[in-house]
Amino acid sequence: MIRPTVVALALCVVSSAQSMPYVPLQQPNNSVIPVRQGCGLGRQLVDGICVSNTKVRAAVRKCSSRKMRMVNGRCEPRARPAAQQPAATPATQR
């Protein structure tokens with residue numbers, strides 16, 4: 001009695017597994033959120049080194065107090081506007 005039941009159950013499991021269609025692979029969706037430049041949360045890439053945001057903000061404040069600007073992790077002088085050149089005087093005619 002047990003042996004025919006086991007055989008019938010095995011046939012049901014095997015036959016249903018063979019008749020199931022293949023499930024198509026899911027297409028990748030944009031559920032991955034890129035992190036800032038690959039350094040992780042709360043960090044930034046400055047000159048190829050991951051630095052915490054607090055250190056970057058402190059460096060920017062330091063540059064600002066010197067009336068400079070932060071460029072690639074360094075303080076650089078602010079670009080001054082080009083001085084207005086006086087109009088060229090025409091050459092004296094002979």
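This is a short tour of the structure above, stop by stop, with a residue or element to select at each one. Keep in mind that you are looking at a predicted model.

**Stop 1: the whole chain**

Start with everything shown as a cartoon. You should find two helices and four strands. Follow the chain from the N terminus, and the elements come in the order α-β-β-α-β-β.

Now switch on the surface. The protein exposes about 9400 Å² of accessible surface, and 60% of that belongs to carbon and sulfur atoms. How much of the protein is buried? Of its 94 residues, buried ones make up 5%. One more number for the overall picture: among contacts with a separation of 6 or more, 11% are between residues 24 or more positions apart.

**Stop 2: the start of the chain**

Select Met1, which sits in the segment before α1 (2-19). Is Met1 buried or exposed? Met1 counts as exposed because its relative accessible area is 83%, and exposed means over 50%. Add Ile2 and Val6 to your selection: together with Met1 they make a nonpolar patch on the surface, with about 410 Å² of accessible area between them.

**Stop 3: the hairpin of β1 and β2**

Next, select residues 43-46, which are strand β1, and look at its partner β2: the two run antiparallel and are joined by four bridges. Strand β2 covers residues 49-52. Two residues lie between these strands, and in this hairpin Asp47 has a positive phi near 55°.

Zoom in on Ser52, in strand β2. Across from Ser52 stands Arg43. Setting aside neighbours within four places in sequence, Ser52 touches Gly42 and Arg43. Show the side chain of Thr54 as well, and you can trace a polar contact of 3.2 Å between the side chains of Ser52 and Thr54. Why does Ser52 count as buried? Its relative accessible area is 17%, and buried means under 20%.

Stay in strand β2 and click on Ile49. Ile49 has 53% relative accessibility, so this residue counts as exposed. Then draw a distance from the C-alpha atom of Ile49 to that of Gly73: the two are 10.0 Å apart, with 24 residues separating them along the chain.

**Stop 4: the hairpin of β3 and β4**

Select residues 68-71 for strand β3 and residues 74-77 for strand β4; these pair in the antiparallel sense over four bridges. Which residue of β4 is the bridge partner of Met70? Look for Cys75. Here, too, the hairpin has two residues between its strands, and Asn72 takes a positive phi near 50°.

**Stop 5: a link between the hairpins**

For the last stop, show the side chains of Arg74 and Asp47. They form a salt bridge, with their closest N and O atoms 3.2 Å apart. This pair links distant parts of the chain: Arg74 belongs to strand β4, while Asp47 is in the loop between β1 and β2, 27 residues away. The count of salt bridges comes to one.

How accessible are the two partners? Arg74 is partly exposed, at 49% relative accessibility. Asp47 is also partly exposed, with a relative accessible area of 46%. Both values fall in the range between the buried cut-off of 20% and the exposed cut-off of 50%, so each residue gets the label "partly exposed".

Conventions. Residues are numbered from 1 along each chain as its sequence is written. This is a predicted model: local features need pLDDT of at least 70, side-chain atom pairs count only at pLDDT 80 or more; totals for chains, interfaces and linings use all residues. Side-chain values use heavy atoms; hydrogens and water are left out. Patches are made of residues with over 30% relative accessible area and no salt bridge: like charges are joined within 9 Å, nonpolar side chains (Val, Leu, Ile, Met, Phe, Trp, Tyr) within 5 Å. Accessible areas come from the Shrake-Rupley method with a 1.4 Å probe; for residues, only the protein chains shown count as cover. A salt bridge is a side-chain nitrogen of Lys or Arg within 4 Å of a carboxyl oxygen of Asp or Glu. Buried means under 20% relative accessible area, exposed over 50%, partly exposed in between (1.4 Å probe, protein chains only). A polar contact is a pair of N or O atoms within 3.5 Å; within protein, one must be able to donate a hydrogen and the other to accept it, and residues adjacent in sequence count only if both atoms are side-chain atoms. Contact means heavy atoms within 4.5 Å. Two strands pair if DSSP finds at least two bridges between them.
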